[in-house]
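Open the model in your viewer and keep the sequence panel beside it. This tour goes from one selection to the next.

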Amino acid sequence: MLRKNVLKRDFVDDKTKQTKNDFVDVLQNSPEESDGDSSDEELVEENFSSDESELEFESDDDGNYVRKEVIADENETSDVEASEKSDDIEDYSDDDLSDSDKIINKPDSTEIEYISERNDEYNNSDTSDEEDIRNTLGNIPMHWYDEYKHIGYDWNAKQIQKPVKGDQIDDFLRKIEDPNFWRTVKDPQTGQEVVLTEDDIGLIRRINSGRVPDSQFNEYQPWVDWFTSEVEKMPITNVPDHKRSFLPSVSEKKKIGKMVHALKMGWMKSMDDIKKDKLLKRGPKFYMLWETDTSREDMRRIHDPVSAPKRDLPGHAESYNPPAEYLFDDKEMKEWNKMSDEPHKRKLHFLPQKHKSLREVPAYSRYLRERFLRCLDLYLCPRAKRMKLNIDAEYLIPKLPSPKDLQPFPTLESLVYHGHTDLVRSISIEPKGEYIVSGSDDKTVKIWEVATARCIRTIETEDVVRCVAWCPNPKLSIIAIASGQRLLLVNPKVGDKFLTKKTDDLLSESPKSDQLETDRIKTAVQWETAEKHEQIKGVRVVIKHFKVIRQVTWHGRGDYFATVMPEGANRSALIHQLSKRRSQIPFSKSKGLVQYVLFHPIKPCLFVATQHNIRIYDLVKQELIKKLITNSKWISGMAIHPKGDNLLVSTYDKKMLWFDLDLSTKPYQTMRLHKSAVRSVAYHLRYPLFASASDDSSVIVSHGMVYNDLLQNPLIVPLKKLETHEQREEFGVLDVVWHPMQPWIFSSGADSTIRLYT
């Protein structure tokens with residue numbers, strides 16, 4: 001090793017010398033010298049004239065930097081040194097050197113380079129000892145040396161001079177002429193320019209693309225299953241068991257006996273008992289819903305937390321001995337019970353009670369539930385600050401036309417029709433609008449003259465009259481009356497005498513039919529001619545049903561009519577034909593309790609309303625067309641627009657639903673205009689008006705314009721609230737009907753009156 005170092009220090013590469021001499025010549029002959037700039041001359045003298053030898057670095061084949069001392073001037077080399085070197089070389093014969101060590105004598109040069117081919121310990125690995133640290137400054141800002149000619153110190157404490165900087169024109173010319181310009185980088189420590197090799201560029205590209213830096217590394221090596229996943233049972237020894245292993249151990253038997261005795265006496269506990277004792281000692285754990293504002297969870301929040309809402313302090317009504325004025329009287333108690341479905345509208349959420357002392361106050365039954373709900377509200381409440389938007393109420397209310405622009409519509413009560421002694425359930429008007437018929441719970445049907453409010457005829461029935469319907473055909477004068485389980489077809493004998501005679505002739509003759517009725521129809525409905533005492537009253541035909549009839553409705557042409565019996569199951573809806581005197585049951589299976597049926601004014605369709613939904617059937621094809629979803633608890637009535645494209649539904653849960661049949665199966669508009677159950681709704685035949693009657697003793701008239709343009713939605717505007725009926729036993733207005741010609745409306749109520757609004 002000593003011999004190798006001596007050779008490496010004494011013999012210098014001739015090529016390195018030549019490079020240095022060329023570099024000196026370039027600096028001496030540069031054009032800056034002619035301009036009289038002495039700074040570069042000083043720099044050259046400082047670099048090359050101060051010492052006879054200068055420290056340089058040269059990289060070997062492995063990329064490591066080797067320190068070399070270059071001889072300043074070849075001519076000044078003494079003959080003594082040359083002779084010493086030659087003597088040194090002669091001392092080593094070929095026998096002394098091994099095959100791996102060779103001395104290469106370069107021609108035309110006095111230098112001899114010694115190359116070692118021995119495998120070093122760190123040949124194929126990285127080591128921190130081999131790091132190239134040419135500048136010994138360390139990690140300091142390099143701009144500290146901006147004012148100096150050098151840029152630090154090497155390992156021999158000599159200054160490292162800055163390279164000559166060219167201007168932008170030089171860089172541009174180099175960029176064009178030098179093919180290696182794109183792979184040249186500047187060393188930040190020494191300021192020298194380093195040309196990257198192909199291996200360096202490949203390494204940089206692999207790092208940028210996120211691959212493994214080593215080009216020899218195979219990312220997709222085949223998987224070698226060194227360890228099998230199957231568990232193999234392999235005994236350590238294959239010695240057969242000893243005979244004594246089959247005999248029970250006496251010592252173990254004694255130990256087990258002691259343990260069993262200790263468990264029985266309670267001196268010893270099983271693992272399950274120990275776990276239970278630990279859980280009991282630990283006790284219940286309580287966690288804060290929100291920690292302090294300085295906790296980690298709070299620091300992670302985006303928005304500032306808002307303090308939890310606090311309940312109001314208790315008042316006098318919550319006292320165990322409140323003053324007398326805070327206790328409920330009968331009227332307040334009645335209002336309290338009425339709002340059981342909507343408890344949020346009550347003034348107080350509890351009933352004030354009076355006790356003699358605090359000891360007599362009973363335990364609150366809902367305490368645990370209310371505490372739980374309170375904690376749930378606090379836990380689920382999003383406590384974040386939200387900016388309040390100040391929006392005027394005018395912007396939230398849709399811009400609707402003024403009611404004055406939508407006239408005419410009824411605004412005041414004109415006539416009151418007195419005569420019934422019990423609530424009037426149903427009313428119907430003649431097609432020409434001259435007479436009106438009413439049915440009441442006093443088992444009578446009255447026919448009134450519209451213009452004078454005079455009762456022309458009274459027809460007594462055997463049961464409560466639930467529904468009356470005047471035939472819409474103006475060529476016939478027939479009223480259908482639903483009284484109990486019987487449907488009466490009555491000739492009112494009002495108006496034109498020729499029309500009355502024609503109606504009698506039609507109802508007196510029973511046509512002969514070749515079709516035989518099934519037993520299912522015979523048990524459900526029977527057609528009969530009225531008896532003599534009933535014919536005097538005007539009754540011509542009696543149709544007996546097997547259940548109580550709730551509703552009767554006519555087809556637009558006046559030949560067909562339908563009856564509804566909610567308790568009739570799959571025979572609850574029946575369709576009757578007047579001209580042939582026969583009935584048919586349209587449904588074989590019941591889809592729910594049928595509440596209301598209606599004929600389409602133009603198409604052969606039947607609307608059937610159950611408690612929750614409405615189904616539309618095609619009577620010709622005998623199939624279901626559409627099912628309308630109301631999302632209501634109980635449907636009370638229906639009305640179809642004269643054009644047949646819109647349907648209005650009333651419900652007992654205080655809602656009115658407007659369906660656009662061409663648009664969707666869900667309501668286009670849900671109106672909550674009434675405070676109580678909505679009993680009836682009706683469209684006007686000529687004017688864009690509709691009305692609703694409710695148990696809150698009010699009739700609300702609204703504007704409902706339906707446009708021919710399918711892209712334009714209907715315009716719905718509430719116009720007038722008419723409150724003149726009196727409430728009886730929580731019943732208000734039961735039925736509402738429009739005049740066929742004029743914008744007048746009739747309403748019947750629980751106060752036994754019929755009222756006309758014009």
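The stops below run from the whole chain to sheets, turns, surface and charged pairs.

**Before you start**

This is a predicted model: local features need pLDDT of at least 70, side-chain atom pairs count only at pLDDT 80 or more, and totals for chains, interfaces and linings use all residues. Residues are numbered from 1 along each chain as its sequence is written, and side-chain values use heavy atoms, with hydrogens and water left out.

**Whole protein**

Colour by secondary structure. The protein has 16 helices and 37 strands; helices (H or I, at least four residues) and strands (E, at least two) are DSSP runs, numbered from the N terminus. Of the 758 residues, 33% are buried. Buried means under 20% relative accessible area, exposed over 50%, and partly exposed in between (1.4 Å probe, protein chains only).

Show the surface. About 52400 Å² is exposed, and carbon and sulfur atoms supply 52% of it. These areas come from the Shrake-Rupley method with a 1.4 Å probe; for residues, only the protein chains shown count as cover. Now consider contacts (heavy atoms within 4.5 Å). Among those between residues at least 6 apart in sequence, 48% join residues at least 24 apart.

**A hairpin**

Select 150–161. Strand β5 (150–153) pairs with β6 (159–161) in the antiparallel sense, over 2 bridges. Pairing requires that DSSP finds at least two bridges between the strands. Tyr-153 has Gln-159 as its bridge partner in β6. The hairpin leaves 5 residues between its strands, and Ala-157 in the turn has a positive phi of about 65°.

**Two open sheets**

Select 424–460. Here is an open sheet of 4 strands in the order β10-β11-β12-β13, with antiparallel pairing. β10 (424–429) and β13 (454–460) are the edge strands; each has a single partner strand, so one side of each is left without a neighbour in the sheet. The twist averages 20° from one strand to the next. For such angles, axes are lines fitted to C-alpha atoms (for helices, over the stretch in contact), and angles run from 0 to 180 degrees between N-to-C directions. Zoom in on β10 and β11 (435–440): 5 bridges join these antiparallel strands. Ile-427 stands opposite Ser-438 in β11.

Next, select 596–629. This open sheet of 4 strands has the order β23-β24-β25-β26, again with antiparallel pairing. The edges are β23 (596–599) and β26, each with a single partner strand, so one side of each is left without a neighbour in the sheet. Its neighbouring strands are turned by 20° against each other on average, direction ignored. In the antiparallel pair β24 (605–609) and β25 (613–618), joined by 5 bridges, Cys-605 has Asp-618 as its bridge partner.

**Unusual backbone**

Most residues other than glycine have a negative phi, and most peptide bonds are trans. Which peptide bond is cis, with omega near 10°? Go to the bond from Gln-407 to Pro-408. Pro-408 sits in the loop between α13 (393–396) and β9 (413–417).

Move to Asn-631, with a positive phi of about 55°. Asn-631 is in the loop between β26 (623–629) and β27 (635–640) and is exposed, at 59% relative accessibility.

Then pick Lys-654, where phi is positive at about 70°. Lys-654 lies in the loop between β28 (646–651) and β29 (656–660). Keep Lys-654 selected and add Glu-342 and Lys-345: the three are linked in a network of salt bridges. A salt bridge is a side-chain nitrogen of Lys or Arg within 4 Å of a carboxyl oxygen of Asp or Glu.

**More charged pairs**

The whole structure holds 16 salt bridges. Select Glu-198 and Arg-183: their closest N and O atoms are 2.5 Å apart. Glu-198 is in helix α7 (198–208), and Arg-183 is in the loop between α6 (168–177) and β7 (184–186). Buried or exposed? Glu-198 is exposed at 52% relative accessibility, whereas Arg-183 is buried at 13%.

Next come Arg-486 and Glu-534, in a salt bridge of 2.9 Å, N to O. The partners lie in strand β16 (486–490) and helix α16 (532–537), 48 residues apart. Both Arg-486 and Glu-534 are buried.

Finish with Glu-528 and Lys-544, paired at 3.5 Å, N to O. Glu-528 lies in β17 (525–529) and Lys-544 in β18 (539–545), so the pair ties together parts 16 residues apart in sequence.
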